[in-house]
Amino acid sequence: MAAAVSTSQDTAEPAPPAVAPWAFDFAAYLEAARLRVEAALDGSLALERPESLSEAMRYSLLAGGKRLRPILCLAAFELAGGEGDLALPTAVALEMIHTMSLIHDDLPAMDNDDLRRGRPTNHKMFGEANAILAGDALLTRAFEMVALRSPGVSAERLLQVVGELSLASGAPGLVGGQVVDLESEGKSVDLETLEYIHLHKTGALLRACVISGALVAGADATLQAALHTYARGIGLAFQIIDDILDVTASSDVLGKTAGKDLTADKTTYPKLLGLEESRRRADGLVAEAKAALEPWRDRAAPLLALADYITSRDR
Ligand code: GRG
């Protein structure tokens, strides 16, 4: 594997802005990034034997969704001075892990849901066993994308990315958060536990997105630390807004069953703090996240706008 991607840290002179902040058109950026990710996702999964498995994997992976995680990864890669498609396989891997978690989250043994991304859930289409296996195959394919399908990135950087993805998907991340979430159903949960659940269930993967993107570009420790702070803020804010939308939006707009938290007797931010205070808290977290990137503000326009998008989104 070839090494060295040129980074902004390689030179003493500050790199020119990737995007001039005053000229930044977020809607155009988001749409272009989404189309780039969609094409890469489509190319990442051929219809191969066993076709039933490929079909189930493709069904959920290519079902739309905001593609926020891969877009965050690519934006962090660019902020760190990365150029070209070097981070695209990692971005795809992150969406595969996210999609796996949605498939498993919807299973009867977990949230038992029928609707996801505006379509019947994976187990409703392919049966429970196939949905579990499609999730397993997406999770392992994610690691394959990084380890075996990331040409041009050094083995050292890829190893760091594999580490981030492992931490985010396992017991210290998604799985740990999901376990505490399931254990908390029907119980009254305090704010500290709610924060634990969401920092792990939702925040860990969002953190992996920005850190992995930055690692592929060879980001230094200072930028990585700032991105950690940024990711914590947007991770919690994302989940607060998710809780608010569960109460205020329709299933049609969300593409998943609205009002689910109430039915499952889950503790949520609106339940603990009320809608108004929840929104205030989300806004405060986004402000903290953006402040962490202040030293890079000339190059951080996409990540700053993505932070705002998290609180302004309607689905
Ligand atoms: C088996 C390794 C392994 C892990 C699975 C099931 C599980 C453990 C964890 C659940 C994680 C989960 C579903 C968290 C919810 C995160 C969340 C808010 C999802 C919605 O994300 P959006 O709004 O969805 O970005 P789209 O569809 O737009 O991508």
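Let me start at Pro-50, which sits in the loop between α1 and α2, and where the peptide bond that joins Arg-49 to Pro-50 is cis, with omega at about -5 degrees. I should say at once that what we are looking at is a predicted model, so please hear each value that follows as computed from that model.

Just past this loop comes helix α2, residues 51-61, whose buried residues are Ser-54, Ala-56, Met-57, Tyr-59, Ser-60 and Leu-61. As a general point, an α-helix has 3.6 residues a turn, so residues three or four places apart point the same way. What lies over the buried residues of α2 includes two helices that we will meet again, α1 and α4, along with β2 (119-120), α5 (122-126) and α6 (128-148).

Moving on along the chain, the loop between α2 and α3 (68-79) holds Arg-67, a residue that is not a glycine and yet has a positive phi of about 60 degrees. Arg-67 counts as buried because its relative accessible area is 1%, and the cut-off for that word is under 20%. Asn-112 makes a useful comparison, since here too we have a residue other than glycine with a positive phi, in this case about 50 degrees. Asn-112 belongs to the loop between α4 and β1, and its relative accessibility of 44% is why it is classed as partly exposed.

The next residue to consider is Asp-113, which is placed in that loop between α4 and β1 (115-116) as well. Is Asp-113 buried or exposed? With 8% relative accessibility, Asp-113 counts as buried, and, leaving aside residues up to four places away in sequence, Asp-113 is in contact with Asp-106, Thr-121, His-123, Thr-257 and Lys-260.

Let me turn now to the ligand, which has 20 residues around it, and of these Lys-66, Arg-69, His-98, Arg-117 and Lys-201 come nearest. Taking three of them in turn, a polar side-chain atom of Lys-66 is placed 2.6 Å from a ligand oxygen, the corresponding distance for a polar side-chain atom of Arg-69 is 2.7 Å, and for His-98 an N or O atom of the side chain is 2.8 Å from an oxygen of the ligand. As for how much of the ligand is covered, on its own it exposes 760 Å², and the protein buries 89% of that.

Which elements give two or more residues to the shell around the ligand? They are α4 (88-105), α8 (174-184), α9 (191-216) and α10, and the largest share, 6 residues, comes from α4. Sorted by class, the shell is made up of 6 nonpolar, 8 polar and 6 charged residues.

One residue of α8 that I would like to point out is Asp-181, which is buried because its relative accessible area is 8%. Beyond its neighbours up to four places away in sequence, Asp-181 touches Ile-197, Lys-201 and Lys-266, and Lys-201, you will recall, is among the residues that come nearest to the ligand.

From the ligand we can go to the largest nonpolar core, which has 94 residues, and in which Leu-72, Val-210, Leu-227, Tyr-230, Leu-293, Leu-303 and Leu-306 touch the most other members. Helix α10, residues 221-248, gives the most to this core, with 13 residues. If we look at Leu-306 in particular, and again set aside residues up to four places away in sequence, its contacts are Phe-26, Leu-30, Leu-68, Ile-71, Leu-72, Ala-75 and Tyr-230.

I will finish with two residues that count as partly exposed. Asp-25 lies in the segment before α1 (26-44), and is called partly exposed because its relative accessibility is 46%. The side chain of Asp-25 reaches the backbone nitrogen of Ala-27 at 3.3 Å and that of Ala-28 at 3.2 Å. Although Asp-25 and Pro-302 are 277 residues apart along the chain, their C-alpha atoms are separated by 9.2 Å.

The other residue is Leu-167, in helix α7, residues 155-169, where a relative accessibility of 43% is why the residue counts as partly exposed. Leu-167 touches Pro-172, Gly-173 and Arg-207, once residues up to four places away in sequence are left out. Between Leu-167 and Asp-25 there are 34 Å in space, C-alpha to C-alpha, with the two residues 142 apart in sequence.

Notes
Residues numbered from 1 in each chain as written. Predicted model: local features only at pLDDT ≥ 70, side-chain atom pairs only at ≥ 80, totals over all residues. Heavy atoms only, no water. Core = buried A, V, L, I, M, F, W, Y, C linked by side-chain atoms within 4.5 Å. Buried < 20%, exposed > 50% of the residue type's maximum accessible area, 1.4 Å probe, protein only. Helix = DSSP H or I, 4+ residues; strand = E, 2+ residues; numbered from the N terminus. Contact = heavy atoms within 4.5 Å. Near = heavy atom within 4 Å. Polar contact = N/O pair within 3.5 Å; in protein donor to acceptor, adjacent residues only side chain to side chain. Areas by Shrake-Rupley, 256 points an atom, 1.4 Å probe, with all protein chains shown as cover. Nonpolar A, V, L, I, M, F, W, Y, C, P; charged D, E, K, R; others polar.
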